[in-house]
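Student: Could you take me through one part of this model closely? I would like to follow how its helices pack, contact by contact.

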Amino acid sequence: MPRIYPASVRRQIVARLRSGESVADVAAETGVCQATLFRWKRQALVDAGVIEGVPSVEADELAAAHKRIAALEAELALTRDACELFNTEAVVPPKRRRAITEGLIARGHSARSACRITGRASPTRQSTSPPTATPGTTSSPWATCRHRSSWPVTTTGQGSGPTALRHS
């Protein structure tokens, strides 16, 4: 794995190289590979406008743009796969949504993305076994992804209203 040097160290070394010190001497003294020093020196010359090339600032923006493009392409692939699994159904029942979610996961999409695209809650557990219920409470079985209407609700037995129910 490549070693990461602090920006201050890199600036000091590049300043020494630009002042005329040889790459071999600086490499021997600092322990930084000569190829790395040549690359740093060349990038410093590009940033200064001495030689042609892509400045560091533009390279960072370009890398961020490539990352965003990759994320959008993954989203597009997920949407296409979901459309293929949904077929032409206008309204999809919850049981069918679960099958579609599992189909998307089987095609290599993350469970989180598959649940989001099918309108189900985020995945909470990989296990399909029901949680252990405390005596006097009831709860529904867990699934990989659950729609909010099927979240397990535990009754506390204390009064009624919103405080009597809690999502587990």
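Tutor: Here is a walk around one helix and its partners, followed by a second pair and a word on confidence.

Please keep in mind that this is a predicted model. Let's start at helix α1, which covers residues 7-18, and its partner helix α2, residues 23-30. Their axes lie 10 Å apart and the two helices pack at an angle of about 150 degrees. Because angles over 145 degrees count as roughly antiparallel, that is the description that fits α1 and α2. The crossing of α1 past α2 is right-handed. On the α1 side, the residues making this contact are Ile13, Arg16 and Leu17, and α2 brings Val23, Val26, Glu29 and Thr30. Sorted by class, that contact has four nonpolar residues, one polar and two charged.

Two names in that contact deserve a second look. The side chains of Arg16 and Glu29 form a salt bridge, with 2.9 Å from N to O. Arg16 belongs to helix α1 and Glu29 to helix α2, so this pair ties together parts that are 13 residues apart in sequence. The structure as a whole holds six salt bridges.

Now turn to the other partner of α1, helix α3, which runs over residues 34-48. Here the axes are again 10 Å apart, but the packing angle is about 80 degrees. An angle from 65 to 115 degrees counts as roughly perpendicular, and therefore α1 is described that way relative to α3. From α1, the contact uses Arg10, Ile13, Val14, Leu17 and Arg18; from α3 come Leu37, Trp40, Lys41, Gln43, Ala44, Leu45 and Ala48. By class, these are eight nonpolar, one polar and three charged residues. Ile13 and Leu17 of α1 appear in the contact with α3 and also in the contact with α2.

Further along the chain is another helix pair to set beside these. Helix α5 (residues 94-106) packs with helix α6 (residues 111-118) at an angle of about 145 degrees, and their axes are 9 Å apart. α5 passes α6 in a right-handed crossing. Arg97, Ile100, Thr101, Leu104 and Ile105 of α5 meet Ala111, Ala114, Cys115, Ile117 and Thr118 of α6. That contact has seven nonpolar residues, two polar and one charged.

Finally, a word on confidence. Mean pLDDT for the protein is 75, with 70% of the residues reaching 70 or more. Over residues 125-134 the pLDDT stays under 50, and the model has 14 contacts beyond four places in sequence for them. Residues 136-168 are also below 50 in pLDDT, and this stretch has 68 contacts beyond near neighbours in sequence.

Note on methods: Residues numbered from 1 in each chain as written. Heavy atoms only, no water. pLDDT = per-residue confidence, 0-100. Contact = heavy atoms within 4.5 Å. Axes fitted to C-alpha atoms, helices over the stretch in contact; angles between N-to-C directions. Helix = DSSP H or I, 4+ residues; strand = E, 2+ residues; numbered from the N terminus. Parallel < 35°, antiparallel > 145°, perpendicular 65-115°, else oblique. Left-handed = near helix turned anticlockwise from the far one by under 90°. Nonpolar A, V, L, I, M, F, W, Y, C, P; charged D, E, K, R; others polar. Salt bridge = Lys/Arg side-chain N within 4 Å of Asp/Glu carboxyl O.
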